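Grab a coffee and open the viewer. Here are a few exercises on how helices and strands pack, each with a worked solution.

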Amino acid sequence: MGLQLRQTFEAAILTQLHPRSQIDIYVQVLQADGGTYAACVNAATLAVLDAGIPMRDFVCACSAGFVDGTALADLSHVEEAAGGPQLALALLPASGQIALLEMDARLHEDHLEQVLEAAAQAARDVHTLLDRVVRQHVREASILLGD
């Protein structure tokens, strides 16, 4: 997962603004009930933003799968254990650019679009929520600082 996180954030962090610098992102999973990669990406996005590191866009991630003939987003541990095809999607929502897309099993091409759209919509929903929370945090911080 470390390599996946590295590839994901290399697509989003504006590293050219910090030459000869190293940005380390550490993620510790305390409890895993499915969607671990997506939760790590979303938490790391908030941490990078809070640290003031410039990014092209938020990185929002979601898992998706195809279970019992239905495309599902944000899979739980039980749904992941069902053994159907799954994918992890990390998206830069403003541009629609995919930072990372990984599938762990074969999926018929007729169903790929459904599963991919379910993950993309869920990632856009995560972006809406994260954006609202970050803006609220900035407002509260500016009030406390008297700006």
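**Exercise 1. Work out which residues of H2 and H4 meet, and how the two helices are arranged.**

Solution. Keep in mind that this is a predicted model.
- Start with the contact: from H2, Asn42, Leu46, Leu49 and Asp50 touch Val126, Leu130, Val134 and His137 of H4.
- Sort those residues by class, and you get 5 nonpolar, 2 polar and 1 charged.
- Now the geometry: the H2 and H4 axes cross at roughly 30° and come within 12 Å.
- Angles under 35 degrees count as roughly parallel, so H2 is roughly parallel to H4.
- For handedness, H2 passes H4 in a right-handed crossing.

**Exercise 2. Do the same for H1 and H2: what is their packing angle, and which residues make the contact?**

Solution.
- Helix H1 covers residues 2-10 and helix H2 covers residues 36-50; they pack at about 45°, with axes 11 Å apart.
- That angle makes H1 oblique to H2.
- The H1 and H2 crossing is right-handed.
- On the H1 side, look at Gln4, Leu5, Thr8 and Phe9; their partners in H2 are Tyr37, Cys40, Val41, Ala44 and Thr45.
- Split by class, the H1 and H2 contact has 6 nonpolar residues, 3 polar and no charged.

**Exercise 3. Find the strand order of the sheet, and say which strands sit at its edges.**

Solution.
- Trace the open sheet and you'll find 4 strands in the order E2-E1-E3-E4, with antiparallel pairing.
- The edges are strand E2 (70-73) and strand E4 (97-103), each of which pairs on one side only.
- On average, neighbouring strands here are turned by 20° against each other, ignoring direction.
- Zoom in on E1 (residues 60-67) and E3 (residues 86-92): these antiparallel strands are joined by 6 bridges.
- As an example, Cys62 has Leu89 in E3 as its bridge partner.

**Exercise 4. Which strands do H2 and H4 lie across?**

Solution.
- H2 lies across E1, E3 and E4, and runs at about 165° to E1.
- H4, residues 109-145, lies across E1, E2, E3 and E4, at about 145° to E1.

**Exercise 5. Compare the helix and strand content of the two stretches in the UniProt record.**

Solution.
- The unreviewed UniProt entry lists residues 5-54 and 57-121 for "domain: Exoribonuclease phosphorolytic".
- Residues 5-54 are 42% helix and 0% strand, with the end C-alpha atoms 17 Å apart.
- Residues 57-121 are 28% helix and 40% strand, with the end C-alpha atoms 16 Å apart.

Definitions and conventions. Residues are numbered from 1 along each chain as its sequence is written. This is a predicted model: local features need pLDDT of at least 70, side-chain atom pairs count only at pLDDT 80 or more; totals for chains, interfaces and linings use all residues. Side-chain values use heavy atoms; hydrogens and water are left out. Axes are lines fitted to C-alpha atoms, for helices over the stretch in contact, and angles run from 0 to 180 degrees between N-to-C directions. Angles under 35 degrees count as roughly parallel, over 145 as roughly antiparallel, 65 to 115 as roughly perpendicular and the rest as oblique. A crossing is left-handed if the near helix is turned anticlockwise from the far one by less than a right angle, and right-handed if clockwise. Contact means heavy atoms within 4.5 Å. Ala, Val, Leu, Ile, Met, Phe, Trp, Tyr, Cys and Pro count as nonpolar, Asp, Glu, Lys and Arg as charged, and the others, Gly among them, as polar. Two strands pair if DSSP finds at least two bridges between them. UniProt positions are given in the numbering used here, feature names are shortened, and annotations may be inferred rather than shown by experiment.
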